[in-house]
Amino acid sequence: MSTSSPTIPPDVAAHVLFHYGREGGYQAGSFTTALLSAMGTADPSNLDRLAAGFPEYVAAITAIQYDPAGVERLQDIAAGRCTRCKQNDGPFVASGRCEACARPMPLDGVA
Ligand SMILES: [Zn+2]
């Protein structure tokens, strides 16, 4: 499985959390709800095809199905919390982390 997954937007995280009955989500529209049902039943080759059109949703589904920490990560994204330090005061970068956490740790302690 690819490790370079696309960034999951907050609304996508919320839709997928709701679809799997987890806290922190909310229901998507009718098309997206049907799409999530299709993705949840897709075999890997069909999921790859769906990922070509809906990479964020497939990334979120993959996270919730296969990543033990996936639910927590999606809940952080949906709530606008940094996925590393859990602060919600931002600013945030695309990876779901706050700027401080996204910054590579300097080896000598000087930024
Ligand atoms: Zn952080």
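# Six helices and how they pack

Read along the sequence, this predicted model follows the pattern α-α-α-α-α-α.

User: How many helices and strands does the chain have?

Analyst: The chain has six helices and zero strands. Of its 111 residues, 27% count as buried, and residues 24 or more positions apart account for 37% of the contacts with a separation of 6 or more.

User: Why are H1 and H4 called oblique to each other?

Analyst: The axes of helix H1 (residues 10-19) and helix H4 (residues 55-66) cross at roughly 45 degrees and come within 9 Å. Angles under 35 degrees count as roughly parallel and those from 65 to 115 as roughly perpendicular, and the crossing of roughly 45 degrees falls in neither range, so H1 and H4 are oblique to each other. The crossing in which H1 passes H4 is right-handed.

User: Which residues of H1 and H4 meet, and what classes does their contact have?

Analyst: From H1 come Val12, Ala13 and Val16, which meet Glu56, Tyr57, Ala60, Ile61 and Ile64 in H4. By class, this contact of H1 with H4 has seven nonpolar, no polar and one charged residues.

User: What makes H2 oblique to H4?

Analyst: H2 and H4 pack at an angle of about 55 degrees, with their axes 11 Å apart. Since roughly parallel requires an angle under 35 degrees and roughly perpendicular one from 65 to 115, the angle of about 55 degrees makes H2 oblique to H4. H2 passes H4 in a right-handed crossing, where Leu35, Leu36, Met39 and Gly40 in H2 meet Tyr57, Val58 and Ile61 in H4. The contact of H2 with H4 has six nonpolar, one polar and no charged residues by class.

User: Why are H4 and H5 called oblique to each other?

Analyst: The axes of H4 and H5 are 7 Å apart, and the two helices pack at an angle of about 135 degrees. An angle must be over 145 to count as roughly antiparallel, while roughly perpendicular covers 65 to 115; about 135 degrees meets neither condition, and H4 and H5 are therefore oblique to each other. Their contact is made by Ala60, Ala63 and Ile64 of H4 together with Gly70, Val71, Arg73 and Leu74 of H5, and by class it has five nonpolar, one polar and one charged residues.

User: Which residues have the most contacts inside the largest nonpolar core, and which helix gives the most to this core?

Analyst: The largest nonpolar core has 19 residues, and those with the most contacts inside it are Ile8, Ala13, Val16, Tyr57, Ala60 and Leu74. At least two residues of this core are supplied by each of H1, helix H2 (30-41), H4 and H5, and H4 gives the most, with six residues. Leucine 74 touches Ile8, Ala13, Val16, Leu17, Ala60, Ala63 and Ile64, not counting residues up to four places away in sequence.

User: Is arginine 81 buried or exposed, and where does arginine 81 lie?

Analyst: Arginine 81 lies in the loop between helix H5 (70-79) and helix H6 (99-102). Being called buried takes 20 or more other C-beta atoms within 10 Å, and arginine 81 has 21 of them, so arginine 81 is buried. Not counting residues up to four places away in sequence, arginine 81 touches Asp76, Lys86, Gln87 and Asn88. Arginine 81 and glycine 96 are 15 residues apart in sequence, and their C-alpha atoms are 7.7 Å apart in space.

Methods. Residues numbered from 1 in each chain as written. Predicted model: local features only at pLDDT ≥ 70, side-chain atom pairs only at ≥ 80, totals over all residues. Axes fitted to C-alpha atoms, helices over the stretch in contact; angles between N-to-C directions. Helix = DSSP H or I, 4+ residues; strand = E, 2+ residues; numbered from the N terminus. Left-handed = near helix turned anticlockwise from the far one by under 90°. Contact = placed C-beta atoms within 7 Å. Nonpolar A, V, L, I, M, F, W, Y, C, P; charged D, E, K, R; others polar. Buried ≥ 20, exposed ≤ 12 C-beta atoms within 10 Å, placed from the backbone. Core = buried A, V, L, I, M, F, W, Y, C linked by C-beta atoms within 7 Å.
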